[in-house]
Amino acid sequence: MNPEVVYTVIFLKDKTYLGSPTVLDEFGREVRVEVPDEMRVLAVAMAPNQEGRSFTSAKLFLFENGAWRQVKEMTMEAFLSKTPSFEYSVLGTPYRFVVMPRMIVPAANEP
């Protein structure tokens, strides 16, 4: 695997930090990031187009009554070399998601 994109997800409940796992993967592959039996994100970013924008999506889930329930799907076309994010507070619940996809930019070789 040649990692090209990194996803950092911040999970919050009642404004309390539950965790912020980070996952590396290749463009075009869906990743799953979760707090077991509580919150889950399925995210994917496509390789950048000629303008440098990547189509990116995130599906947000809550674990309720013994099953995962999708609460939101968000998409964007963004420059992943900058600092885009998906942010969503689930209405009527104490849950908040922050999903930050970033393109991995290799360090320049210095002489």
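Which residues touch the most other members of the largest nonpolar core? In this predicted model, that core holds 26 residues, and the ones that touch the most other members are F11, V41, L60, L62, V90, F97 and V99. The elements that give two or more residues to this core are strand 1 (5-13), strand 4 (31-35), strand 5 (39-45), strand 6 (54-64), strand 7, strand 8 (86-89) and strand 9 (95-103). L62, which is one of the core residues just named, touches E38, M39, A67, W68, R69, V71, V90, T93, Y95 and F97, when residues up to four places away in sequence are not counted.

**The chain as a whole**

The secondary structure of the chain consists of nine strands and zero helices, so that reading along the sequence gives the pattern β-β-β-β-β-β-β-β-β, in accordance with how strands are assigned. The C-alpha atoms fill a box of roughly 55 × 25 × 25 Å, taken along the principal axes. Of the 111 residues in the chain, 38% are buried, and the chain exposes about 6700 Å², of which carbon and sulfur atoms supply 50%. Among contacts between residues at least 6 apart in sequence, 39% join residues at least 24 apart. The chain carries 12 positive and 14 negative side chains, and the centres of these two sets lie 5 Å apart.

**Two residues in the strands**

The table sets out E77 and T56 by element and relative accessibility.

| Residue | Element | Relative accessibility |
|---|---|---|
| E77 | strand 7 (residues 67-78) | 46%, partly exposed |
| T56 | strand 6 | 1%, buried |

T56 counts as buried because its relative accessibility of 1% falls under the cut-off of 20%. Leaving out residues up to four places away in sequence, T56 touches V44, A45, M74, T75, M76, L80, F86 and P101. A polar atom of the T56 side chain also lies 3.3 Å from the backbone oxygen of S54.

E77, by contrast, is partly exposed because its relative accessible area of 46% lies between the cut-offs of 20% and 50%. With residues up to four places away in sequence again left out, E77 touches N49, R53, S54 and F55. With one of these residues, R53, the contact is polar and runs from side chain to side chain, at 3.2 Å. E77 and A45 are 32 residues apart in sequence, while their C-alpha atoms are 9.2 Å apart in space.

Terms used. Residues are numbered from 1 along each chain as its sequence is written. This is a predicted model: local features need pLDDT of at least 70, side-chain atom pairs count only at pLDDT 80 or more; totals for chains, interfaces and linings use all residues. Side-chain values use heavy atoms; hydrogens and water are left out. Helices (H or I, at least four residues) and strands (E, at least two) are DSSP runs, numbered from the N terminus. Buried means under 20% relative accessible area, exposed over 50%, partly exposed in between (1.4 Å probe, protein chains only). Contact means heavy atoms within 4.5 Å. A polar contact is a pair of N or O atoms within 3.5 Å; within protein, one must be able to donate a hydrogen and the other to accept it, and residues adjacent in sequence count only if both atoms are side-chain atoms. A nonpolar core is a set of buried Ala, Val, Leu, Ile, Met, Phe, Trp, Tyr and Cys residues joined through side-chain atoms within 4.5 Å. Accessible areas come from the Shrake-Rupley method with a 1.4 Å probe; for residues, only the protein chains shown count as cover. Lys and Arg count as positive and Asp and Glu as negative; His and the chain ends are not counted. The place of a charge is taken as NZ of Lys, CZ of Arg, CG of Asp or CD of Glu.
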